[in-house]
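Visitor: I'm new to reading structures, and I get lost when I look at everything at once. Could you pick a single part, take me through it slowly, and then show me what surrounds it?

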Amino acid sequence: DQQGGDLAPKIVLSAGERTKWTKAVKKLQQVAGVLKRNPLQMDRTGVPNFTSTEYWDNMACDWDGEIQSTIDDDMNGVILASIDFACTSLMDSTGPEGVTAVDFGCGVGKWIPALGSRCSKVVGIDISRRLLEVGRVMCQEQRLKHVVLMRADLANVDLTKKGVPTADLVVCANVLISPEPTTRSSILKNI
């Protein structure tokens with residue numbers, strides 16, 4: 001338009017699509033409000049291998065509202081089918097000890113019930129004491145006695161010295177979201 005009119009295409013949304021977009025915009029506005037009130041960062045750019053335990057401890061009060069749950073959002077059951085396939089395949093090679101799973105960055109333990117119902121031993125590791133407290137309550141409620149939750153900073157840990165067993169199956173969801181590349185590299189090296 002030569003006269004400075006709007007060049008953006010007009011988008012027509014159904015009522016259902018408008019509802020989804022409205023919810024998404026409201027969620028973004030909530031997140032923006034949280035960031036204004038709580039400008040904590042998960043780590044500091046330019047400060048290698050620093051992860052803020054305070055940031056993650058604050059996530060414990062509203063984990064479901066703040067952090068995407070990859071296992072809860074698995075609408076087609078691909079994740080659980082993959083875990084089932086892996087555990088079934090591993091049973092032949094692990095013998096009577098069964099499958100050992102490690103959930104790196106377990107948070108509140110969203111993956112723990114799925115792993116706990118399929119594996120003979122599960123270890124969850126996270127940097128946040130408060131997230132692990134929530135996970136421990138969930139394990140007690142679900143009577144998952146073969147689950148151990150431990151605190152460690154994955155960017156700065158020797159897993160062998162920490163007593164983490166060799167894993168047959170590993171979960172590492174939402175862990176490598178650190179904006180600091182050195183921290184991501186250290187985590188990958190350590191796990």
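Guide: Let's start at Arg143, which comes after helix α6 and has a positive phi, near 55 degrees. Before we walk back into that helix, a word on what you're looking at: this is a predicted model, where local features need pLDDT of at least 70 and side-chain atom pairs count only at pLDDT 80 or more, while totals for chains, interfaces and linings use all residues. Residues are numbered from 1 along each chain as its sequence is written, and side-chain values use heavy atoms, with hydrogens and water left out.

Now find α6, residues 129-141 (helices are DSSP runs of H or I with at least four residues, strands are E runs of at least two, and both are numbered from the N terminus). With 13 residues at 1.5 Å a residue, α6 should span 18 Å, and its end C-alpha atoms really are 18 Å apart, so the two agree. (The expected span is 1.5 Å times one less than the number of residues.)

Next, look at which way its residues point. Leu131, Leu132, Gly135, Met138 and Cys139 are the buried ones in α6. Looking down the axis, you'd find these buried residues within an arc of 115 degrees, so they line one face of the helix. On the face turned away from that buried side, α6 carries Arg129, Gln140 and Glu141, which are exposed. Here buried means under 20% relative accessible area, exposed over 50%, and partly exposed in between (1.4 Å probe, protein chains only); the arc is that of the directions from the helix axis to the C-beta atoms.

Let's zoom out for a second. The chain has eight helices and four strands, and from the N terminus on they run α-α-α-α-β-α-β-α-β-α-β-α. Out of 191 residues, 38% count as buried.

Helix α4, residues 78-94, can be read just like α6. From its first C-alpha to its last, this 17-residue helix reaches 24 Å, close to the 24 Å expected at 1.5 Å a residue. Its buried residues are Ile79, Ile83, Ala86, Cys87, Leu90 and Thr94. They cover an arc of only 100 degrees around the axis, which puts them on the same side of α4. Swing over to the other side of α4 and you'll meet Val78, Phe85, Thr88 and Asp92, which are exposed.

Helix α4 also takes us to the salt bridges. Searching the whole structure turns up two of them, each being a side-chain nitrogen of Lys or Arg within 4 Å of a carboxyl oxygen of Asp or Glu. In one, the side chains of Asp84 and Arg118 meet at 2.3 Å, N to O. That pair links distant parts of the chain, as Asp84 sits in helix α4 and Arg118 in the loop between α5 and β2 (121-126), 34 residues apart. Asp84 is partly exposed, with a relative accessible area of 35%, and Arg118 is partly exposed too, at 22%.

In the other, the side chains of Lys110 and Asp72 come together at 3.0 Å, N to O. Lys110 is in the loop between β1 (100-104) and α5 (112-116), while Asp72 is in the loop between α3 (63-66) and α4, so this pair ties together parts 38 residues apart in sequence. Lys110 counts as partly exposed at 25% relative accessibility, and so does Asp72 at 44%.
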